[in-house]
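Visitor: I should like to learn how to read a structural model, feature by feature. May we go through one together?

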Amino acid sequence: MMKLIFRSAMIACAFSALIEPTLAGGLVPHRVAYDLALESNPQMSDLSVNMKGRMVYEFTGNACEGYTVNFRFVLETGDSAGASAVTDLRNKNFESGDGRSFGFQSQTFVNEVQTQDVNGTAVRDGDKVNVKLKLTENTEFTIDKPLMFPTAQLIKTIAEAEKGTTVFSDDIYDGSDGGQHVFHTSTVIGSARTTAPDESEKPIGNMRRWPVTVSYFGAEAGGDQPPDYSISFDLWENGISSRMRLDYGDFVLDGKIVHLELLPETPCNGPSASAVEPSAVAPPADDKSATSGKPANGSQPAAEALPNTEDSAGTAEQKKDDTPATGEAPATQVQPEVKPAN
């Protein structure tokens, strides 16, 4: 169950990725936090008595410099015996503006103990993609079919929604699940919503939004098999996602915006970049606004309402050196605050 959550956690927020405003009809960079809660379901009683957490997602960049994503997903689960566990997934990735290359680092901690650290690059070569991974042993392989990277898929989803497309499919590589898998996706887009946004959505602006559901299938799945998981959300035309719903079959997590901050736009002044290493990513230089900014509703934030940039999930040794194996600067560590499971 936990493996499914964190294999797909980056994908779950990938649809909040943005592209350069002047090239994409007013989309804006932003930082957003979602509180996660277990959807009520009688069938869950034997699996878990509680499950809650937070996702924090930040996007910067443009079509010239490429797109940078810093993402964190913290989830606490508690069972009927009173045991609990906290899983902390930290991802950062860089996707070149021309869609030719994708670099990523993914780290997972369970109860403050690191269980996974994967660095990887994927470079397009015609219809093939060459992947290099840095694990306990370096691994190289070729994906011999057309596929898309996460930000490119976001761009396509918005374009298809604007055209009125209702269903389309793609193969996606995002580096999740140890960087060794491609997922086939089926995307369903509903008609633009006409209902008023709720309070958490109002700061997004007066824009169109569409209900979107993306189902993810393993590469070997047959045509009549159910998806590994599906993600539903409202996709706004400026690139922000709200009303997140993560459906893993035997349980569902609902996500609601609790903090939304629009970030400065950067002009696109040159040709599209194509970098193959995550080291080309310059992480945000200042994350103070994540702790001092106003929440989505504009009121004074409660202590538990906003992400904390202090990295309390790692050991003392990890705090001394958070530099990834590829040599790049560490990603901004956004601490999603999670209350203990009852």
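**Aromatic pairs and the rest of the fold**

Guide: Let us begin with the rings. This is a predicted model, and the count of aromatic pairs in it comes to 11.

Visitor: How is a pair of aromatic rings described?

Guide: One gives the distance between the centres and the angle between the planes. Here, Phe71 and Phe73 form a tilted pair, with 6.4 Å from centre to centre and 50 degrees between the planes. Both Phe71 and Phe73 are buried.

Visitor: Why is the pair of Phe102 and Phe104 called stacked?

Guide: The ring planes of Phe102 and Phe104 stand at 25 degrees, with the centres 5.9 Å apart, so this pair is stacked; the limit for stacking is under 30 degrees. Phe102 has 0% relative accessibility and therefore counts as buried. Phe104 is also classed as buried, because its relative accessibility is 1%.

Visitor: Which residues do ring pairs link into a cluster?

Guide: The cluster consists of Phe183, Tyr216, Tyr229, Tyr248 and Phe251.

Visitor: How many helices and strands does the chain have?

Guide: The chain has four helices and 14 strands. Of its 342 residues, 51% are buried. Among the contacts with a separation of 6 or more, 60% are between residues 24 or more positions apart. The accessible surface of the chain is about 14900 Å², and carbon and sulfur atoms account for 49% of that.

Visitor: I should now like to follow the strands. How do β5 and β6 pair?

Guide: Strand β5, residues 101-110, and strand β6, residues 113-125, pair in the antiparallel sense over 10 bridges. As one example, Thr108 stands opposite Gln116 in β6. The two strands form a hairpin with two residues between them.

Visitor: What joins β6 to β7?

Guide: Seven bridges join these strands, which run antiparallel. Asp125 has Lys128 in β7 as its bridge partner. Here too there is a hairpin, with two residues between β6 and β7, and Gly126 in the turn has a positive phi of about 70 degrees.

Visitor: How many bridges join β7 to β8?

Guide: Strand β7, residues 128-134, is joined to strand β8, residues 138-143, by six bridges, and the two run antiparallel. Val131 has Phe141 in β8 as its bridge partner. The hairpin between β7 and β8 passes through three residues.

Visitor: You mentioned the sign of phi. What is the general idea?

Guide: Most residues other than glycine have a negative phi. A positive value in such a residue is therefore worth noting. Asn111 has a positive phi, near 50 degrees, and is not a glycine. Asn111 is placed in the loop between β5 and β6, and it counts as partly exposed because its relative accessibility is 43%. Arg243, which is likewise not a glycine, has a positive phi near 50 degrees. Arg243 lies in strand β13, residues 241-247. With a relative accessible area of 35%, Arg243 is partly exposed.

Visitor: Which residues does Gly255 touch, beyond those up to four places away in sequence?

Guide: Gly255 touches Tyr34, Asp35, Leu36, Arg243 and Met244. Gly255 and Met244 are 11 residues apart along the chain, yet their C-alpha atoms are separated by 4.6 Å. Gly255 is found in strand β14, residues 252-262. Its relative accessibility is 7%, so Gly255 counts as buried.

Visitor: Is Arg209 buried or exposed?

Guide: Arg209 counts as buried, because its relative accessibility is 4%; the limit for that class is under 20%. Arg209 lies in strand β11, residues 209-218. The side chain of Arg209 reaches the backbone oxygen of Thr195 at 2.6 Å. Beyond its neighbours within four places in sequence, Arg209 is in contact with several residues, including Ala192, Pro197, Asp234 and Trp236.

Visitor: Where does the pLDDT stay under 50?

Guide: The general idea is that predicted coordinates should not be read in detail where pLDDT is low. In this chain, the pLDDT stays under 50 over residues 1-26, for which the model has 100 contacts beyond four places in sequence. The pLDDT is also below 50 over residues 275-342, a stretch with 154 contacts in the model beyond near neighbours in sequence. The chain averages a pLDDT of 74, and 67% of the residues score at least 70.

Notes:
Residues numbered from 1 in each chain as written. Predicted model: local features only at pLDDT ≥ 70, side-chain atom pairs only at ≥ 80, totals over all residues. Heavy atoms only, no water. pLDDT = per-residue confidence, 0-100. Contact = heavy atoms within 4.5 Å. Phe/Tyr/Trp six-rings, centres within 6.5 Å; stacked < 30°, edge-to-face > 60°. Buried < 20%, exposed > 50% of the residue type's maximum accessible area, 1.4 Å probe, protein only. Areas by Shrake-Rupley, 256 points an atom, 1.4 Å probe, with all protein chains shown as cover. Pairing = 2+ DSSP bridges. Polar contact = N/O pair within 3.5 Å; in protein donor to acceptor, adjacent residues only side chain to side chain.
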